[in-house]
Amino acid sequence: MRSEIPAGARRILEALTSAGYEAYLVGGCVRDLLRGVEPHDWDICTSARPEETEKCFAGQRIVETGLKHGTVTVLEEGEPYEITTYRTEGPYSDSRRPDYVEFVSSLEADLARRDLTMNAIAMGLEGDLRDPFGGEDDIGSGLIRCVGEPTHRFQEDGLRVMRALRFAAVFGYGIEARTAQAIHENCHMLERVAAERIDAELCRLLVGQHVGDVLRQYPDVLCQFWPQLGPLIGLEQNNPWHCWGGWEHTIHTVEAAPADLILRLAMLLHDIGKPACRSTDEDGIDHFYGHPAVSAKLADEMLRALRFDNRTREQVVTLVERHDVQIPLRSQAVRKWLSRLGPETFFQLLEVKRADNMGQARELVRDRLAELDALQAKAEEILAQGQCFSLKDLAVNGRDVIAAGIAPGPEVGRTLNALLERVVCGEAENQREVLLGLLRK
Ligand code: ATP
Ligand code: MG
């Protein structure tokens with residue numbers, strides 16, 4: 001293990017220990033080393049008080065990141081290392097950060113405040129472990145387990161519920177039985193947690209390879225911040241296209257989508273409007289007419305509630321709204337949709353449709369997937385040929401329109417779009433002379 005510790009982190013550990021303090025790597029980096037995964041940052045904990053830590057690195061670049069919380073950041077060859085004094089935490093009354101921290105002298109006390117056994121292991125310079133809660137064994141058996149009494153730990157900070165699920169989704173670990181039970185019983189604590197903290201964990205959870213298992217086992221947790229999921233989770237669909245209920249279908253589509261946040265969110269929310277649109281015909285078959293528009297509206301509301309950025313929200317809402325459109329396999333239709341959505345969203349929509357199909361009745365899937373592949377090939381061909389589907393490809397521009405006698409202003413854009421529409425539909429050639437002729441008319 002020693003050789004895997006970067007030189008910068010080693011120098012910091014050496015500087016602190018040679019000044020007579022204890023110093024260890026701790027948290028995510030130790031966990032990842034034990035899992036055989038390259039850590040993405042290196043956190044250090046020490047018995048030195050913040051001002052003592054600063055003295056050890058006098059003359060070096062230091063950032064007083066969170067002095068109140070005991071953290072000093074030292075730059076070693078441009079790499080930041082966070083050095084935190086052993087501490088315990090007070091309660092999280094605003095659920096963003098602890099109300100106060102208290103410096104303590106023992107490493108064990110510092111490890112005891114941490115959330116999960118696998119995150120509560122310290123490693124010394126020689127690779128020696130301090131692991132009072134059995135984190136190494138839990139990593140070995142792929143188990144997520146709270147440090148201490150699970151109920152108490154989730155009540156201290158509801159975000160830990162989401163952290164546990166995020167690690168389960170990303171690592172594929174199981175959640176130990178008492179920890180799992182406490183998650184179900186205490187997930188209402190998420191009510192008190194700031195939306196942006198929940199959002200950050202949710203985003204990582206959704207792109208996890210094992211997201212499906214988590215969605216299947218913990219829908220109650222998601223309903224804490226997205227109660228709109230409730231009706232979908234209970235939805236049966238008696239329809240020849242569907243071999244699963246609403247939630248199981250949704251989970252299959254999330255699993256089938258590439259590990260991309262926009263696509264995974266779009267799949268999670270694509271059918272959220274179905275329960276409100278359900279009707280049953282005289283043969284007992286269920287229909288969900290108009291559900292994409294209702295889903296899009298709900299998705300918009302849900303993404304706003306968790307304070308997603310505008311771009312993510314708008315992209316997801318567009319995909320949800322369009323997930324059911326039929327795009328005929330004709331150049332004209334493909335150009336029209338490329339033009340309407342832009343290439344990036346068009347190709348994302350094909351991914352959404354692929355994933356949606358994989359979540360439907362088996363025997364029908366293959367033909368539909370072949371159709372989507374053909375659409376993809378056609379769109380790529382149109383792009384490669386430089387065929388016109390957006391204003392920037394149009395053979396005339398705003399100056400031509402003004403030269404043809406249209407007053408500068410919004411009418412110029414409207415005229416250009418009308419020309420584009422005719423080119424995309426195949427009614428006019430994308431040639432300058434042809435379009436100038438149309439303009440003169
Ligand atoms: P990663 O950085 O890979 O997401 P991490 O475990 O390092 O995982 P951080 O948020 O960087 O996550 O936190 C560093 C350490 O701080 C954790 O390993 C854990 O020991 C502790 N920790 C973080 N958040 C909490 C929390 N909400 N409650 C208790 N301990 C926490
Ligand atoms: Mg970390």
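User: Hi! Before we start, what counts as a pocket here?
Analyst: On a 1 Å grid over the protein atoms alone, a pocket is an open set of points with protein on both sides within 12 Å along at least five of seven lines. This is a predicted model, where local features need pLDDT of at least 70 and side-chain atom pairs count only at pLDDT 80 or more, while totals for chains, interfaces and linings use all residues. Residues are numbered from 1 along each chain as its sequence is written, and hydrogens and water are left out of side-chain values, which use heavy atoms.

User: Cool. Which pocket does ligand 1 take up?
Analyst: The largest pocket is the space taken by ligand 1.

User: And how many residues surround it?
Analyst: Ligand 1 has 14 residues around it (a heavy atom within 4 Å). The closest are Arg31, His40, Asn119, Arg160 and Arg204.

User: What's the mix, charged or nonpolar?
Analyst: Nine are charged (Asp, Glu, Lys and Arg), four polar and one nonpolar.

User: Which element gives the largest share of the shell?
Analyst: Helix 7, a DSSP run of H or I with at least four residues, gives four residues.

User: What about polar contacts, say from Asn119?
Analyst: Those are pairs of N or O atoms within 3.5 Å. A backbone N or O atom of Asn119 is 2.9 Å from a ligand 1 oxygen. The side chain of Asp157 has an N or O atom 2.9 Å from a nitrogen of ligand 1.

User: Which domains feed the shell?
Analyst: Domain 1 (1-132) and domain 2 (142-225), with bounds from an automatic or database assignment, each give at least three residues.

Notes: Chains are lettered from A and ligands numbered from 1 in the order in which they are written. A polar contact is a pair of N or O atoms within 3.5 Å; within protein, one must be able to donate a hydrogen and the other to accept it, and residues adjacent in sequence count only if both atoms are side-chain atoms. On a 1 Å grid over the protein atoms alone, a cavity is a set of points where a 1.4 Å probe fits but cannot get out, and a pocket is an open set with protein on both sides within 12 Å along at least five of seven lines; lining residues have an atom within 4 Å of a point. A molecule sits in a cavity or pocket if more than half of its atoms lie within 2 Å of its grid points. Helices (H or I, at least four residues) and strands (E, at least two) are DSSP runs, numbered from the N terminus.
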